[in-house]
Amino acid sequence: MADNVGRSMVWTQVSSWGWIVVCLEWSVFVSTHQLGSKWKEKFENAPFWVKAVMADGFHTLPGGFVIIGIHVLPVVLYYRIYPFSWFPPQPLLLWSAVTILAAGRCLCAFVEMWVLYTQVTLLVQEDCRREQSRPS
């Protein structure tokens with residue numbers, strides 16, 4: 001939770017659309033929270049790209065790519081606005097880093113949207129089952 005709070009603060013400082021990233025991250029956090037520590041294990045019916053990211057608790061190349069995009073992109077964007085005096089921005093390096101990290105963050109956003117879609121679908125199905133089993 002602390003990492004979500006920290007990223008939320010940075011995202012709101014570095015981008016006018018940072019609130020979208022914050023809302024997406026917190027929505028997924030809340031929707032997976034009910035599963036407890038086993039939330040990473042509930043992806044047997046997921047598409048291949050979700051499974052690739054989630055495999056072995058993110059300990060795969062796609063999983064690492066996503067984690068680096070999540071955690072490092074906001075820091076690099078912050079640095080772009082507030083550079084260190086002892087390390088001036090290198091435009092090509094900065095552009096390259098933002099591009100690569102944004103690709104990882106985008107992949108993460110697709111996984112997060114799939115998780116939210118799945119969660120909403122399960123909630124709607126559960127609600128329909130309750131309605132059908134209720135006596136009229």
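Is Trp-11 buried or exposed, and what is the relative accessible area of Trp-11? In this predicted model, Trp-11 is buried, since its relative accessible area is 1%, below the 20% under which a residue counts as buried. The ring of Trp-11 is paired with that of Trp-17, a residue that is partly exposed at a relative accessible area of 46%.

A search of the whole structure finds five aromatic pairs. In the pair formed by Trp-11 and Trp-17, the ring centres are 5.6 Å apart and the planes meet at 45 degrees, so the arrangement is tilted. The rings of Trp-26 and Phe-29, by contrast, have their planes at 80 degrees and their centres 5.4 Å apart, and this pair is therefore edge-to-face. Both of these residues belong to helix H2, where three residues, about one turn of the helix, separate them. Trp-26 is partly exposed, with a relative accessible area of 23%, and Phe-29 is likewise partly exposed, at 27%. Elsewhere, ring pairs join Tyr-79, Phe-84 and Phe-87 into a cluster.

The largest nonpolar core comprises 13 residues, among which Phe-43, Val-50, Val-53, Met-54, Val-111, Trp-114 and Val-115 touch the most other members. At least two residues of this core come from each of helix H3 (48-54), helix H4 (61-81) and helix H5 (91-133). The greatest contribution is that of H5, which gives four residues. A second, separate core contains 10 residues, including Trp-11, Val-22, Tyr-79 and Leu-94. Within the largest core, Val-50 is in contact with Phe-43, Val-111 and Trp-114, when neighbours within four places in sequence are left aside.

Helix H5 consists of 43 residues, and the distance from its first C-alpha to its last is 62 Å, close to the 63 Å expected at 1.5 Å a residue. Its buried residues include Leu-94, Leu-101, Gly-104, Arg-105, Cys-108 and Glu-112. The buried residues of H5 pack against helix H2 (18-33), H3 and H4.

For helix H2, the 16 residues should span 22 Å at 1.5 Å a residue, and the end C-alpha atoms are indeed 22 Å apart. The buried residues of H2 are Gly-18, Val-21, Val-22, Leu-24, Glu-25, Val-28, Ser-31 and Thr-32. Of these, Ser-31 has a relative accessible area of 11%. Residues up to four places away in sequence not being counted, Ser-31 touches Val-115, Leu-116 and Gln-119. Val-115 and Gln-119 are themselves among the buried residues of H5.

Conventions
Residues numbered from 1 in each chain as written. Predicted model: local features only at pLDDT ≥ 70, side-chain atom pairs only at ≥ 80, totals over all residues. Heavy atoms only, no water. Core = buried A, V, L, I, M, F, W, Y, C linked by side-chain atoms within 4.5 Å. Buried < 20%, exposed > 50% of the residue type's maximum accessible area, 1.4 Å probe, protein only. Contact = heavy atoms within 4.5 Å. Expected span 1.5 Å × (residues − 1). Phe/Tyr/Trp six-rings, centres within 6.5 Å; stacked < 30°, edge-to-face > 60°.
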